[in-house]
Amino acid sequence: MNLRSHTFSQAAYAPVLLFTLRARWLFIALMLIGLLGTWALAWPVPLLPLSLTLLFLAAANGLLSVWHRRHGPEHLVELGLIADILTLSELLYLTGGIANPMASLYLPPLLLAALVCSVHFAWGMAFVCVTTYFLLFQFHLPFPVPSQEPDWLFRIHIGGMWLTFALSAALITACITWLIQALNWRENQLQRAHAQQQQNEQVLSLGIEAAHTAHKLSTPLNSLLLLTDELQARTDLPAEVSQDLALMRSQLNQCRDVLWQLKPKDQPQARQQPTWLYATLNAQLRHWHNLRPEAHYTWQQHSPIAPDVCVQLDPLFWSAFLNILNNAADAGKQSVALETRITAAQTLIIGIRNRSGFLSEAQLRHAGLNAQQSDKPAGLGMGVLLSHATLARMQGSLTLQNHHDGGVYAEIRLPLTPCTTPCPPTKAA
């Protein structure tokens with residue numbers, strides 16, 4: 001066993017430090033109220049030594065708070081627990097030793113040390129507490145009793161036991177529940193990071209395969225382009241064949257442009273271009289409709305219609321957007337409804353809804369994390385996965401849900417980056 005390792009979780013260290021700082025102020029306040037009560041009732045307690053002891057604890061807690069804000073939490077829990085043990089031992093020495101019910105307050109610092117500090121420190125704390133507890137048997141001032149009646153000491157002891165038990169129970173319960181929440185949050189973050197890593201590896205694999213495929217297609221594509229040029233140069237072909245060749249040449253040019261998009265780009269920042277957002281969205285929708293004339297879409301902006309905005313936008317965003325739009329049109333019988341708005345935090349929200357179709361719980365749970373089974377004849381089921389990965393790389397998100405009125409609703413969220421250079425004026429809406 002590594003004695004220098006932390007006993008429970010380093011992730012809980014910072015939350016425990018905040019908890020101890022606040023709990024220490026609460027303890028000092030309760031003790032001051034108790035001292036004022038004993039002073040008002042004229043109990044024979046050593047007010048000045050007790051007040052100085054609490055002043056020492058308050059000063060130590062204040063220094064720890066200031067150090068935490070300026071330099072971080074490292075080793076502050078250990079220093080705070082040492083101050084707690086010194087203060088508690090001094091209080092017990094001045095008020096009857098182990099006969100004082102506050103002796104049970106040794107347990108919460110030991111619990112915290114065992115939870116978040118190193119094994120070495122936790123065992124050292126246990127040794128110091130046991131030794132101090134043993135010494136308090138012999139070395140202490142008499143317990144201050146306000147009356148000579150024998151029942152007084154018993155009643156004070158019983159009441160003190162209840163009070164310290166309640167305080168210990170509250171501290172332990174609050175600390176444990178806080179720790180569990182912190183660890184659950186960390187576990188969720190780890191699961192998300194693991195899922196994100198799996199997705200990145202899958203997308204990287206797809207990218208490598210796409211590069212190999214593009215390389216394999218370039219040679220036959222160039223051959224087809226040359227062959228088409230030669231055929232178009234002939235003058236003895238019928239007009240119908242010439243039209244088919246022209247269409248073939250257009251489709252081949254489109255394939256060549258798609259392959260060129262796979263060429264390595266510069267730095268990611270260099271790919272972002274000043275863009276009029278709504279004008280470009282409108283152009284993308286019109287281009288998409290030209291490719292799919294059988295599809296119909298409606299686009300609704302929030303009223304009043306916001307003016308167009310100039311933003312820095314990665315062109316890959318439109319590929320992710322069109323993937324979702326195509327999926328919605330396929331599932332929604334060629335009918336899609338869009339909503340767009342920009343939040344006050346400069347986040348673009350695009351809602352895409354198709355009025356038919358349904359996603360199962362498993363599909364919703366794994367949407368964007370794995371390739372899904374596609375109903376399309378040549379579909380690979382990777383559109384949502386690629387869109388999800390693309391948006392995640394842009395700090396955006398994609399969520400899918402079944403709409404309460406039927407169909408599926410996809411929501412794209414993308415943080416917008418204001419333009420650092422003016423947008424082309426000709427692209428303004």
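These exercises work through one predicted model, each with a solution.

Residues are numbered from 1 along each chain as its sequence is written, and side-chain values use heavy atoms, without hydrogens or water. In this predicted model, local features need pLDDT of at least 70 and side-chain atom pairs count only at pLDDT 80 or more, while totals for chains, interfaces and linings use all residues.

**Exercise 1. Take stock of the chain.**

Task: State how many helices and strands the protein chain has, and what share of its residues is buried.

Solution:
- Step 1. The protein chain has twelve helices and eight strands. These are DSSP runs numbered from the N terminus: H or I of at least four residues for helices, E of at least two for strands.
- Step 2. Of its 429 residues, 35% count as buried. Buried means under 20% relative accessible area, exposed over 50%, and partly exposed in between, with a 1.4 Å probe and protein chains only.
- Step 3. Now take contacts in the protein chain with a separation of 6 or more: residues 24 or more positions apart account for 73% of them. A contact means heavy atoms within 4.5 Å.

**Exercise 2. Check helix H2.**

Task: Compare the expected span of H2 with the distance between its end C-alpha atoms, then find its packing partners.

Solution:
- Step 1. Helix H2 covers residues 47-71, which is 25 residues.
- Step 2. The expected span is 1.5 Å times one less than the number of residues. For H2 that gives 36 Å.
- Step 3. The end C-alpha atoms of H2 are 36 Å apart, so the two values agree.
- Step 4. List the buried residues of H2: Leu50, Thr53, Leu54, Leu57, Ala58, Ala60, Asn61, Leu64 and Ser65. An α-helix has 3.6 residues a turn, so residues three or four places apart point the same way.
- Step 5. The buried residues of H2 pack against helix H1 (13-40) and helix H3 (76-94).

**Exercise 3. Find the positive phi angles.**

Task: Say where glycine 72, histidine 75 and glutamine 334 sit, and give the phi of each.

Solution:
- Step 1. Glycine 72 comes just after H2, with a positive phi of about 100°.
- Step 2. Histidine 75 lies in the loop between H2 and H3. Its phi is positive, about 65°, although it is not a glycine. Histidine 75 is partly exposed, at 49% relative accessible area.
- Step 3. Glutamine 334 is in the loop between helix H10 (316-331) and strand E4 (335-342). Its phi is near 65°, again positive in a residue other than glycine. Glutamine 334 is partly exposed, at 22%.

**Exercise 4. Place serine 89.**

Task: Decide whether serine 89 is buried or exposed, and name what it touches.

Solution:
- Step 1. Serine 89 sits in helix H3.
- Step 2. Its relative accessible area is 14%, so serine 89 is buried.
- Step 3. Leaving out residues up to four places away in sequence, serine 89 touches Tyr106, Thr132 and Leu136.

**Exercise 5. Look at two cysteines.**

Task: Count the disulfides, then compare the exposure of cysteine 117 and cysteine 255.

Solution:
- Step 1. The structure holds zero disulfides. The criterion is a pair of cysteine sulfur atoms within 2.5 Å.
- Step 2. Cysteine 117 is buried, with a relative accessible area of 0%.
- Step 3. Cysteine 255 is partly exposed, at 40%.
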